[in-house]
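Good morning, and thank you for the opportunity to speak. Please look at the sequence and the structure as they appear, and I shall then take you through one part of the fold.

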Amino acid sequence: PPPAHLSHAKAARGPRARPTGMPREIVHLQIGQCGNQIGDKFWEVISHEHGIMPNGQYNGVSDLQLANIDVYFNEASERFVPRAVLVDLEPGVLDGLRAGRNGRLFRPDCFVVGQGGAGNNWAK
């Protein structure tokens, strides 16, 4: 069990206490091959937890899934879109994400690809 002072503080705050006027919105940045591969799994898990299908449609079973969905997603034309920016110097990983299971979840302008690859950066 948590220490007594922690459970007492949580009870004093209430179930959803937060400063008024402060939205809880997260912009998720995925950078590079590793960041984008980990991020792909992250969006798979978050989407599943909130009942979001790979095309962005809600298919959940509980109102609790929609309770804080605006932390990670924007609602746009009857679907939910991750608030994310996916960045890489080479298009290969991002092309793989676009073609993968969650590719339709993102808007096209979420993908940012550099002009040149990362190869030979140490030689420059």
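I shall describe a sheet, the helices beside it, and one residue within it.

Please bear in mind that this is a predicted model. We begin with the sheet, which is open and has 3 strands in the order β1-β4-β5, with parallel pairing. Why does one side of β1 and of β5 have no neighbour in the sheet? Both β1, residues 28-31, and β5, residues 111-113, stand at the edges with a single partner strand each, so one side of each is left without a neighbour. From one strand to the next, the twist averages 15 degrees.

As a general point, strands of a sheet pair through backbone hydrogen bonds, either parallel or antiparallel. Here, β1 and β4, the latter covering residues 84-88, pair in the parallel sense over 4 bridges. Within β4, V87 is the residue that stands opposite I31.

Next, the helices. Helix α2, residues 32-50, lies across β1 and β4 and runs at about 135 degrees to β1. Helix α4, residues 91-99, also packs on the sheet, where α4 touches β1, β4 and β5. The direction of α4 makes about 160 degrees with that of β5.

Finally, let us turn to D88, which belongs to strand β4. Is D88 buried or exposed? D88 is buried, yet it has no salt bridge. The nearest side chain of opposite charge, that of R98, is 10 Å away. A polar atom of the D88 side chain does, however, lie 3.5 Å from the backbone nitrogen of E90. Beyond its neighbours within four places in sequence, D88 is in contact with several residues, including G32, N36, L94 and V113.

Note on methods:
Residues numbered from 1 in each chain as written. Predicted model: local features only at pLDDT ≥ 70, side-chain atom pairs only at ≥ 80, totals over all residues. Heavy atoms only, no water. Pairing = 2+ DSSP bridges. Helix = DSSP H or I, 4+ residues; strand = E, 2+ residues; numbered from the N terminus. Axes fitted to C-alpha atoms, helices over the stretch in contact; angles between N-to-C directions. Contact = heavy atoms within 4.5 Å. Buried < 20%, exposed > 50% of the residue type's maximum accessible area, 1.4 Å probe, protein only. Lys, Arg positive; Asp, Glu negative; His and termini not counted. Salt bridge = Lys/Arg side-chain N within 4 Å of Asp/Glu carboxyl O. Polar contact = N/O pair within 3.5 Å; in protein donor to acceptor, adjacent residues only side chain to side chain.
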